[in-house]
Amino acid sequence: MPVVEPNLILRLGTHAEKEYFDKTLRFFDGLAVNANLVEATPGATASLLVRFGGKKRELPFYIDPMTYAFGEYADRKGVLRRDLDWIKSDQKRNGELIRDYKRSYSKLANQLGDPFAEALERNSSVTWNDFNDSNIESACSQVAEYQLHRIAEEFSSDSELVQFIDKVPRPVAVYAPYFYIEPSNENEWLDLNLRLATTTARNITSHPVHIMICADSSFLLNKKFIERIKAELPSTGVKGVWFWFSAFQEDSASIEHLTAFRNLVETLSDKVSVYSRHGGFFSMALSKHGLSGLSHGVGYGEQKDVIPIIGQSTPTVRYYLPQVRRRFGVPQIERCFDSLEIKTPKDFYKKVCGCVICKGIISDEIHAFAEFGEMHRSTPKSKRLAQTPAAAKRCRYHFLLSRIAERDWIKSASNEEIIGKLKAAAELWGTQTTLSGGTTHLERWQEVLK
Ligand SMILES: [Zn+2]
């Protein structure tokens, strides 16, 4: 198992996040963009990538082909759905409300061709039966071609942009098509995912091919599944694997789940590069046990469910408490200040955070910390208070800067030093009753990283 420096990949969720990328992307090790975002705004995404790619160092980037969105899924009630409803939305057509595919996904299906386009037409998801000897090669090459050429294509079709075509960055790796491994048909889905990876790796020789293993977190404790992954994945010919265990949260996961993840990383990293699709501090610490990198979004998403939560209001962006490696509400943290003797801005920089955002907000007195949790009524009619956009922005910038600092520190720290830091944090912050229950992961992580 190699000890590696963790690569930190920032995932672009929406174009509204552009400013965070402008200011912080150069401190990250790469950028990931989902194909549905490319299709929603091809021109804007392409020029953004060229702008970032044109900076003095070539920035590694990935296009996630999002093929799983055309597969089946179990909804929140555990019901198996093949109706593709999760990529549909209510739309107004000629004054009538209808439910139809989101434009970005129907464009993506057309780009990827069959069996994706076919599935949308028949209104039922892609299944393992849709791939056979006669179409699997073409389906895999279409998905690879998409990642390699979609951005350049956008430039060549525009008379003004075509002059920049040489500046268009190419992805550093190509993802094989992948689908959510749904528990009631685990063998069929796993077989298909491995076969799609084998086919892509055989045909694409210009770029390393990566596989995405997207499955429910319960699979971490499924011995048969884990043994198959360990035994069969390396022989597909892929150079890298990204794990996405839906609903796997590093800070609430049990010792058993965390240990299983560590073992998986350790075993596979001898043969392929291993990445975590939605990772946090624990994933970074696993770089001492072979993990090559992780990706996450701007200020949320250290864990992500495969099934998006529909109709949820914008959540409050909480403050990432660097020593505890987890987010908390601002009042929760404030109530610890007295007993931890955090009385002046200097105390704050030393014991909580000294990043430029925190120093800018808390320059004269400690009470300014409340600005990270500032609330307002977003409209005069709003009944409930919501976080102000400025406060959410402060929390996100502070989080990104904290994450970069963590990555830099982990690079030079030993496994023992990482465990020591977690222990010290547990001793200090774990005694704080207002954080109760929110620091227990520190003990579990120490145990698993030993
Ligand atoms: Zn800070």
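## Starting at Ser104

At 13% relative accessibility, Ser104 counts as buried, because the cut-off for that word is under 20%. Keep in mind that you're looking at a predicted model. Ser104 sits in helix α4, which covers residues 103–112. Leaving out residues up to four places away in sequence, Ser104 touches Asn36, Glu39 and Ala40. His210 is another story: Ser104 and His210 are 106 residues apart along the chain, and their C-alpha atoms are separated by 24 Å.

Now hop over to one of those contacts, Glu39. Glu39 belongs to helix α2, residues 35–40. Is Glu39 buried or exposed? Its relative accessibility is 1%, so Glu39 counts as buried. Again skipping residues up to four places away in sequence, the contacts of Glu39 are Ser104, Lys107, Leu108, Gln111, Tyr146 and Arg150.

## The sheet

Next up is an open sheet built from eight strands with parallel pairing. Walk across the sheet and you meet the strands in the order β3-β2-β1-β12-β11-β10-β9-β8. Which strands stand at the edges? They are β3 (61–64) and β8 (174–175); each has a single partner strand, so one side of each is left without a neighbour in the sheet.

Strands of a sheet pair through backbone hydrogen bonds, and the pairing can be parallel or antiparallel. For a worked example, take β1 (residues 7–12) and β2 (residues 30–34), which pair in the parallel sense over four bridges. If you want to find one bridge yourself, look at Leu10: its bridge partner in β2 is Leu31.

## Rings meeting rings

Searching the whole structure turns up 29 aromatic pairs. One of them joins Tyr319 and Phe369: the ring centres are 4.9 Å apart and the planes meet at 85°, so this pair is edge-to-face. Tyr319 comes from strand β13 (residues 319–321), while Phe369 comes from the loop between α13 (356–361) and β15 (375–376), so the pair ties together parts that are 50 residues apart in sequence. Both Tyr319 and Phe369 are buried.

Phe369 also forms an aromatic pair with Phe337. This pair is tilted, with 5.4 Å centre to centre and 55° between the planes. Phe337 lies in the loop between α11 (330–334) and α12 (345–351), and Phe369 in the loop between α13 and β15, so here the parts tied together are 32 residues apart in sequence. As for accessibility, Phe337 has 7%, so it counts as buried, and Phe369 has 0%, so it counts as buried too.

Elsewhere, one aromatic cluster takes in Phe70, Tyr105, Phe116, Trp128, Phe131, Phe179 and Trp189.

## Arginines over rings

Some rings have an arginine for company. Arg325 lies over the face of Phe281, at 4.1 Å from the ring centre. Arg327 lies over the face of Phe399, at 4.3 Å from the ring centre.

## The zinc site

What coordinates the zinc ion? The job is shared by SG of Cys353, SG of Cys355, SG of Cys358 and ND1 of His398, at 2.1 to 2.3 Å. Along the chain, these donors follow the spacing C-x1-C-x2-C-x39-H. Both Cys353 and Cys358 are buried.

Why is the arrangement called tetrahedral? The four donor atoms subtend angles of 101 to 118°, and four donors count as tetrahedral if all angles lie between 85 and 135 degrees, so the zinc ion passes that test. For reference, the ideal angle for four tetrahedral donors is 109.5 degrees.

How values were computed
Residues numbered from 1 in each chain as written. Predicted model: local features only at pLDDT ≥ 70, side-chain atom pairs only at ≥ 80, totals over all residues. Heavy atoms only, no water. Donors = N, O, S within 2.8 Å, 3.2 Å for Na, K, Ca; no water. Tetrahedral: all angles 85-135°; square planar, octahedral: opposite > 155°, others 65-115°. Buried < 20%, exposed > 50% of the residue type's maximum accessible area, 1.4 Å probe, protein only. Phe/Tyr/Trp six-rings, centres within 6.5 Å; stacked < 30°, edge-to-face > 60°. Helix = DSSP H or I, 4+ residues; strand = E, 2+ residues; numbered from the N terminus. Lys NZ or Arg CZ within 6 Å of the ring centre and 35° of its normal. Pairing = 2+ DSSP bridges. Contact = heavy atoms within 4.5 Å.
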